[in-house]
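User: I should like to learn how to read the domains of a structure and the contacts between them. Please guide me through an example.

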Amino acid sequence: MRVNVTVNGEQRQADEVWEGESLLFLLRERLGLPGSKNACEQGECGSCTVYLDDVPVCSCLVAAGQAQGREVRTVEGLAQGDRLDPVQEAFVEAGAVQCGFCTPGLVVAAHDLIRRVPDPGDPEIREALAGNLCRCTGYEKIMDAVRLAARRARS
Amino acid sequence: MSLTPAELTSSVSGGIGSSPQRPDGHLKVRGEFAYASDLWHEDMIWGATLRSPHPYARIVSVDLTEALKVPGVYAVLTHQDVPGRNLYGLEHKDQPVLAVDVVRYQGEPVALVGADHPETALRAMKRIEVEYEVLTPVVDMETATEDTPLHPGGNLVRHVPVRRGDQNASAEVVVTGRYEVGMQDQAFLGPESGLAVPAEDGGIDLYIATQWLHVDQAQVASALGLPLDKVRLTLSGVGGAFGGREDLSMQVHACLLALHTGKPTKMVYNREESFYGHVHRHPAVLHYEHGADRTGKLVYVKAKIYLDGGAYASSTSAVVANAATLGVGPYEVDNVTVDCWGVYTNNPPCGAMRGFGAVQAAFAYESQMDKLAEALAMDPVDVRIVNAMSEGSVMPTGQVVDSAAPVAQLLKLVKDKPLPPVSTTVDLRDMPGGVSNTTHGEGVVRGVGYAVGIKNVCFSEGYDDYSTARVRLQVINGEPAALAHTAACEVGQGLVTIMQQIVRTELGVQRVTILPMDTSIGNGGSTSASRQTYVTGGAMKAACAAVKEKLARLAAGRNTTDLVELLGGEVIDETVEWRHRATEPLDPVTGQGNAHVQYGFAAHRAVVDVDVELGLVKVVELDCAQDVGKALNPQAVQGQIQGGTAQGLGLAVMEEIQTADGKVRNPSFTDYLIPTVLDMPPMRIDVLELADPNAPYGVRGVGEPPTISSTPAIVAAIRAATGLALPRVPVRPEHITGT
């Protein structure tokens, strides 16, 4: 089938999409956007998190066809040219990135939290990121990064 | 997207001792860092692996007819299509690339499919007909050596005895215990993946996520029947490793499909296949007896340790040596009788995981130290300090610990921290069970526990452990610029940052480019055993020294130290192989010998709240003190301590690959739980920098020690809260409730 979808502000089209393909597969393998990651492909790890019509979803759990006519924003669409989004900047600065495989999903999840809750407390940050697994960092520096990004967003 | 990873030039503006940003950090937060699973090639096909559903079975027949008929299928391969040697392995070549007439574990690769779409490959795979004669699996590690032999030499992979002092010593106070450690998974997030591209010279270029390029290269070449120079590996982006990428997974398989079809072949495991596709941490059964005098001073330790290596040897031999030689922990004991056995069974193969043999032993010996404290009515930290080793102490192997071993100091550091207050207001998010609203504090008991651990750093037992580094220095655009190249795998830990820091410090240049890691340069050794900063760091420092020597020659008789003036149009290009000091094999009868290069130590204090009615545990705080010799990058050191501690927490309370008759029951992140941000508490960390005079910059391996002491500290805290013996990890709710 053919899928038309707006990705990071651009109108995109993919042909010969098999009905069983996920949005994650569509993005990674057909649209050349491998930033969203394939760590579990069953909605447990959050590393494939993207905005679908402005709502964060696990793109591995969305069928490619469900994205027809809708708007997707991936981790590749967060920076403005060379300028990183403040969340991305904070992740690098705080040492929240090690292997980085969880990073795209966490960056999108943290981005969503900070735009909803400008001054999140630690328990709120933890709840918001509870669907994103990280195996390298023990989460401490991810907490630092989100606190830093939220502080910068407020100032 | 290019298959060859980007050269890393950005960001670093700090030398050693500072915490510059990772040179790959921007790529990673933008989603532009190319992991092995992201690779794409014009005209590529997808590979899939048919795996055995049985832990132990004879293969009666394999019929590929129907699979080959599926449109879009390019190849279906079996062991008959392996042109070279069909056996590989890190220490013993005992594992088939593709099974021949028997399968020894559930998930063992039997056949391969190459197709135009991953779904086509899966559908074709389901049409391969394999007839099995199912056999009774060997699953008990304690009796495996007397059971059906699974390999020609029987089921013993290795036995390491350690004998020191009086073998018949007796003591006033004796405590005994039998402990069990479940099978932990590395659970790196980036699945096994790679892309094999057939080359015009009949060779293959493999872009791969691994921990050791050169050992992969040798094994792939052997299986393909190709000379080494026809098998070229480039490290792709690696999504974590933790030991799980030391063994081959899809490397040979993708190359077989690519060479057979003439098409670039990509293979990516999904999470379920990943659980079958790599080795795990050895489950263990450990019998211990500690004898002490009335002051708590240890008189003797006796231990019998069984490690389940599963169906193939992998690195079991080295894991056995670690568990045996580190089996009494960071304590001085004059009389030691330790035996450790690693065995074959039909359980999933086990090999390297962070902590490598030391984790299993530490759970047992630290549980024993708590038991001893209880028997003596002593404080658990005091009994450890009474026995704590220090610089100059003698290991059970007879090896003298010849650099800092601040065991007592580490324990005091975590003990002296103020305890977190018990909250007076109820916030569900602080409760065991969290917002599941399982308690408002009723039935919740707090406990505090301590542990300390020891780990060897670098490869041991006489292994020729080295790394190769190349540094090129020249003037580019009026600026001195260095280029650094190794084959040492960056798996997420930040080795690329450390390499830039070292070159900047040694050569005084700002601009340092890290070339992609590949096999065009000599061996970098394994990214394991907490060794890369030590060994490849040492090699990089030595390569810089060789460059400086050339610079000194250019400077002779000239009155300038300015690099641009000195170099002019010259290019200095030096490659150096660097070795740490040699070690010795263990005596096969007594286990004596200077087998290890260096020892690392960490201590933890855990504070837990336990809902004793439901068996739910909330780790409230988890503090750590560790000696790192020298923190080349303090932020990365903290990251290692925090991440390693989290994996120890996982083993303490949730992580286990559960098997029944050799079959894995929970191969998914739905059923195999790893800690989330809700499970991992805040940590306070003390980092000591007591330089090791034998190591480059005084460094001490950092990555593994925090994983070792984290688990027993948490279990000790749960025991303190519940009064239960809890001889097994992970501790499950039913172990606490008794239901």
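Analyst: The following turns take up the domains of each chain and the contacts between them. This is a predicted model, in which local features need pLDDT of at least 70, side-chain atom pairs count only at pLDDT 80 or more, and totals for chains, interfaces and linings use all residues. Residues are numbered from 1 along each chain as its sequence is written, while chains are lettered from A and ligands numbered from 1 in the order in which they are written.

User: Into which domains is chain A divided?

Analyst: Domain bounds come from an automatic or database domain assignment. Chain A has domain 1 (3-77) and domain 2 (86-154), and their centres, taken over C-alpha atoms, are 21 Å apart.

User: How many residues does each domain of chain A bring to the contact?

Analyst: Two residues are in contact if their C-beta atoms, placed from the backbone, lie within 7 Å. Domain 1 of chain A gives 13 residues and domain 2 of chain A gives 11 residues. On the domain 1 side, the largest share, three residues, comes from strand 3 (residues 49-52) of chain A; strands (E, at least two residues) and helices (H or I, at least four) are DSSP runs, numbered from the N terminus.

User: What does chain B offer by way of domains?

Analyst: Chain B is divided into domain 1 (25-34 + 466-579), domain 2 (38-135 + 205-238 + 245-269) and domain 3 (280-460 + 587-737). The centres of domain 1 and domain 3 of chain B, over C-alpha atoms, are separated by 36 Å. Their contact takes 15 residues from domain 1 of chain B and 18 residues from domain 3 of chain B.

User: Which helix of chain B supplies the largest share of the domain 1 side that touches domain 3?

Analyst: Helix 12 of chain B does, with six residues.
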